[in-house]
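Before reading on, please look over the sequence and the model together. The paragraphs below follow the strands, then the nonpolar cores, and then one of the pockets.

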Amino acid sequence: MDHVTRPGDGELVAHAEELAAGLMRSAGALETRVDRRRRRRIGSLVADAASRQFLIDLTDQVLRIGPRARAARRLHDLVAERGAPKFATGLDRLALLAGARLAGVASWIVMPAATARLRREFAPVVLPAGERRLARHVRRRRKAHISINVNLLGEAVLGEGEAQRRTAAIAELLGRPEVDYVSVKISSVCAQLDVVAYEDSLARILERLRVVYRAAAASQPEKFVNLDMEEYRDLDLTLDAFTRLLAEPGLEALDAGIVLQAYLPDAAAAMERLAAFARRRHDDHGSVVKVRIVKGANLAMERVEAELRGWPQAPFATKAEVDANYKRLLETALAPENAGALRVGVASHNLFDVGWGLALRELVGPERLELEMLEGMANPQARAVARLAGRLLLYAPIVYRKDFESAVAYLVRRFDENTSPDNFLSHLF
């Protein structure tokens with residue numbers, strides 16, 4: 001971005017705030033009765049820490065237990081210890097209390113009913129991976145100028161057999177006509193990664209990712225693969241896998257994306273590295289790299305690991321530092337020298353960040369910046385953004401029925417992160 005001719009920061013801030021206010025008004029007008037009911041329900045959950053903890057314990061200590069009788073006993077004990085949470089009202093409250101009381105003698109009824117209720121509750125934010133239902137949802141979204149980036153969820157990959165099956169499943173997704181954009185993380189295609197055995201781990205990552213990226217390159221038209229970022233210790237592994245793979249013959253002209261987490265101070269240097277890589281690749285092959293900028297999704301785990309080992313946490317200590325770094329990453333990505341070679345995804349539910357992205361997009365052009373949100377998390381706001389921006393990309397977890405319990409655990413943690421007290425969504429709900 002040209003720092004000489006662009007408007008001053010004060011003018012940009014005022015414009016971003018104006019755009020954010022307009023999006024809030026538009027979202028309010030677009031909110032349906034179902035949206036309002038869901039917002040109130042989530043709002044009651046956000047307001048009560050005990051309810052959030054109950055939901056986490058329900059997913060970890062009940063749903064993920066295999067034998068129904070054991071799961072039912074834990075459900076009974078959990079409700080006996082805590083009582084029914086505040087967010088469970090009306091029929092849900094009665095069903096939870098009755099289910100806990102009957103769990104010991106009718107687990108074969110109680111546990112399937114509990115799972116079915118949670119499946120309905122999470123249906124807006126975790127999509128079925130089955131072809132018909134996913135294709136139907138994608139068609140509906142496309143009519144509203146909304147695209148879908150699918151992320152296949154499942155149990156943690158602990159062995160090579162499961163890693164191979166997950167790799168094949170992601171490649172199969174790329175063969176479906178309704179799927180044109182997928183996200184994949186290195187831990188979902190490789191088991192037991194170890195940064196001490198760096199080159200060995202990197203070689204195994206490249207072997208598996210090669211299957212996925214070649215499937216994307218062989219599609220007509222080519223499909224898009226986004227490499228997700230996870231723990232801080234995997235940062236260099238992920239960056240090296242991405243840059244090495246996209247330099248290989250047959251993949252050097254493929255457009256592809258990667259995620260950077262603004263809560264990591266190291267993300268600034270990583271963005272500089274990716275920008276230089278994108279420029280070289282664009283000059284040689286005409287290809288484009290996209291960087292999806294997120295705030296970060298593993299803060300609780302990073303804090304726990306740092307405390308256990310007695311070292312400073314890898315992410316920034318304050319939300320203000322994260323937000324500032326987020327905008328720094330945007331500035332770097334949108335620098336004039338990166339035009340044509342590097343695109344950026346502004347992934348946020350914070351409408352002030354969205355407004356800032358829209359203000360910058362007016363300066364650099366719509367082809368350089370794409371707005372992104374999470375599927376089902378804030379539908380009125382998503383519709384408002386899609387209407388104003390002309391298009392929107394939704395990050396959509398998908399899951400096969402057999403893996404639903406692990407998907408719920410993932411989603412509960414994402415929900416807990418997105419509704420922390422200093423997060424925009426907590427105040428929105």
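In this predicted model, strands β3 and β4 (residues 224-227) run parallel and are joined by 4 bridges, and within that pairing the bridge partner of Y181 in β4 is F224. On the other pairing of β3, strand β2 (residues 146-152) also runs parallel, here joined by 2 bridges, with V150 having V182 as its bridge partner in β3. In a regular strand, side chains alternate between the two faces of the sheet. Strand β3 (residues 181-184) can be read in that light, for Y181 and S183 point one way while V182 and V184 point the other way, and all of these residues are buried.

From β2 the path leads on to strand β9, since the two run parallel and are joined by 7 bridges; in this pairing, S147 stands opposite L393 in β9. Strand β8 (residues 369-374) is likewise parallel to β9, with 3 bridges between them, and E372 stands opposite L393 in β9. Strand β1 (residues 127-128) pairs with β9 too, in the parallel sense and over 2 bridges, with L127 standing opposite I398.

Why can β9 be described as largely enclosed by the rest of the structure? The reason is that 8 of the 8 residues of β9 (residues 392-399) are buried, where buried means under 20% relative accessible area. Both faces of the strand are covered, with L392, L394, A396 and I398 buried on one side and L393, Y395, P397 and V399 buried on the other.

In soluble globular proteins, nonpolar side chains tend to be buried together. The largest nonpolar core here has 96 residues, and those that touch the most other members are L209, Y213, F242, V291, L330, L371 and L392. If neighbours within four places in sequence are left aside, L330 is in contact with I293, V344, V346, W356, L360 and L369. A second core, separate from this one, consists of 27 residues and includes L45, F54, L63 and A72.

The last stop is the second largest pocket, which holds about 710 Å³ of space. It is lined by 34 residues, of which L58, F87, A114, R117 and L118 are the closest to its centre. The helices α2 (33-46), α3 (49-63), α5 (90-102), α6 (107-122) and α17 (404-418) each supply at least two residues of this lining, and the largest share, 9 residues, comes from α6. By residue class, the lining divides into 28 nonpolar, 1 polar and 5 charged residues.

Technical notes: Residues are numbered from 1 along each chain as its sequence is written. This is a predicted model: local features need pLDDT of at least 70, side-chain atom pairs count only at pLDDT 80 or more; totals for chains, interfaces and linings use all residues. Side-chain values use heavy atoms; hydrogens and water are left out. A nonpolar core is a set of buried Ala, Val, Leu, Ile, Met, Phe, Trp, Tyr and Cys residues joined through side-chain atoms within 4.5 Å. Buried means under 20% relative accessible area, exposed over 50%, partly exposed in between (1.4 Å probe, protein chains only). Contact means heavy atoms within 4.5 Å. On a 1 Å grid over the protein atoms alone, a cavity is a set of points where a 1.4 Å probe fits but cannot get out, and a pocket is an open set with protein on both sides within 12 Å along at least five of seven lines; lining residues have an atom within 4 Å of a point. Grid points are joined across faces, edges and corners, and a volume is the space filled by probe spheres set on the points. Ala, Val, Leu, Ile, Met, Phe, Trp, Tyr, Cys and Pro count as nonpolar, Asp, Glu, Lys and Arg as charged, and the others, Gly among them, as polar. Two strands pair if DSSP finds at least two bridges between them.
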